[in-house]
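Student: Could you take me through one part of this structure up close? I'd like to look at the largest pocket and what sits around it.

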Amino acid sequence: MTLWIYLHFPALQLDTLYAEHEYPLVIIEGRDNHVVQASTCALKQGITIGMGLGSAASMCSDLQVHPYDENVENQTIEEIAQWLYLVTSDIVLLPPKGILLRVTNMLSLYSGLDNYWHTLSAHLRLRKTRYCYGSGFSPLSAILLGKSASNIIIDDKDKILAAINDYPLSATELDFKQVEKLARVGIRDIKALLAVPIQDLAR
């Protein structure tokens, strides 16, 4: 069984371009100019991710505002992947914010998961870029736990399953229409989804 680790970088543009700035700063996106990334200083002043720009500006008179630029994150995620090739292989880019690692083949080289993760995380810390992570026996389970900032690295299938069971389907990579259809028949979380026999699920 193949083990995967997903690394999620939630504030890559901010960490790349403005990491040294110690004033309230936000990255905004969308028609309503909502906050998608915020500096530590901005968060301390009560600004939250998802907040509209008007509300954020009303809470902080000296707020610095920058538009979200996906190209910056795409370039940076490639640079991080190249950096990781120094200590691991089998890297899948999921731009603009994610990197998926197939780690099973690396475990014999590092004499186990603990040594592998210790080496990888120490290597990542040198870049001083915030990230969250999760492990799973499928790419989707690793992505779910990574995006949800579970920050668990384990290779016990039962524990991984227990960790994902209570997540709502809206937290998965399923699209909105699929989530809606499943909700109509009473399937709203992963535990309920996995309890359905494959034949019934297909039907």
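Tutor: Here is a walk around that pocket, followed by a few other spots to compare it with. Keep in mind that this is a predicted model.

Let's start with the space itself. The largest pocket holds about 670 Å³, and 24 residues line it. If you want to find its middle, look for Leu 140, Ile 164, Ile 190, Leu 193 and Leu 194, which lie nearest the centre. Which elements give two or more residues to this lining? They are helix 6 (139–147), helix 7 (157–164), helix 8 (176–184), helix 9 (190–194) and helix 10 (198–202). As for the chemistry of the lining, 17 of the residues are nonpolar, 4 are polar and 3 are charged.

Now zoom in on two of those helices. Two packed helices are described by the angle between their axes and the distance between the axes. For helix 6 and helix 7, the angle is about 55° and the axes are 11 Å apart. That makes the pair oblique, because an angle between 35 and 65 degrees is neither roughly parallel nor roughly perpendicular. Helix 6 passes helix 7 in a left-handed crossing. Where they touch, helix 6 brings Ser 141, Leu 144 and Leu 145, while helix 7 brings Ile 160, Ala 163 and Ile 164. Sorted by class, this contact has 5 nonpolar residues, 1 polar and no charged ones. You've met Ile 164 already: it takes part in this contact and is also one of the residues nearest the centre of the pocket.

For comparison, try another helix pair. Helix 4 (residues 70–84) and helix 5 (residues 113–125) pack at about 135°, with 10 Å between their axes. These two are oblique to each other as well, but their crossing is right-handed. On the helix 4 side you'll find Ile 80, Trp 83 and Leu 84, and they meet Leu 120, His 123 and Leu 124 of helix 5. The class count here is 5 nonpolar, 1 polar and no charged.

Next, hop over to the second largest pocket, with a volume of about 190 Å³. Its lining includes Leu 14, Asp 15, Tyr 18, Glu 22, Cys 41, Lys 128 and Arg 130. Helix 1 (12–17) and helix 2 (40–44) are the elements that each give two or more residues to it. By class, this lining splits into 4 nonpolar, 3 polar and 4 charged residues, whereas the largest pocket has 17 nonpolar, 4 polar and 3 charged.

Before you close the viewer, have a peek at two backbone oddities. Most residues other than glycine have a negative phi, and most peptide bonds are trans. Asp 90, in the loop between helix 4 and strand 5, has a positive phi, near 50°. Then there's the peptide bond from Pro 95 to Pro 96, which is cis with omega near 10°. You'll find Pro 96 in the loop between strand 5 (91–94) and strand 6 (98–102).

Technical notes
Residues numbered from 1 in each chain as written. Predicted model: local features only at pLDDT ≥ 70, side-chain atom pairs only at ≥ 80, totals over all residues. Heavy atoms only, no water. 1 Å grid on protein atoms, 1.4 Å probe; cavity = no way out; pocket = protein on both sides within 12 Å on 5 of 7 lines; lining within 4 Å. Points joined across faces, edges and corners; volume = space filled by probe spheres on them. Helix = DSSP H or I, 4+ residues; strand = E, 2+ residues; numbered from the N terminus. Nonpolar A, V, L, I, M, F, W, Y, C, P; charged D, E, K, R; others polar. Axes fitted to C-alpha atoms, helices over the stretch in contact; angles between N-to-C directions. Parallel < 35°, antiparallel > 145°, perpendicular 65-115°, else oblique. Left-handed = near helix turned anticlockwise from the far one by under 90°. Contact = heavy atoms within 4.5 Å.
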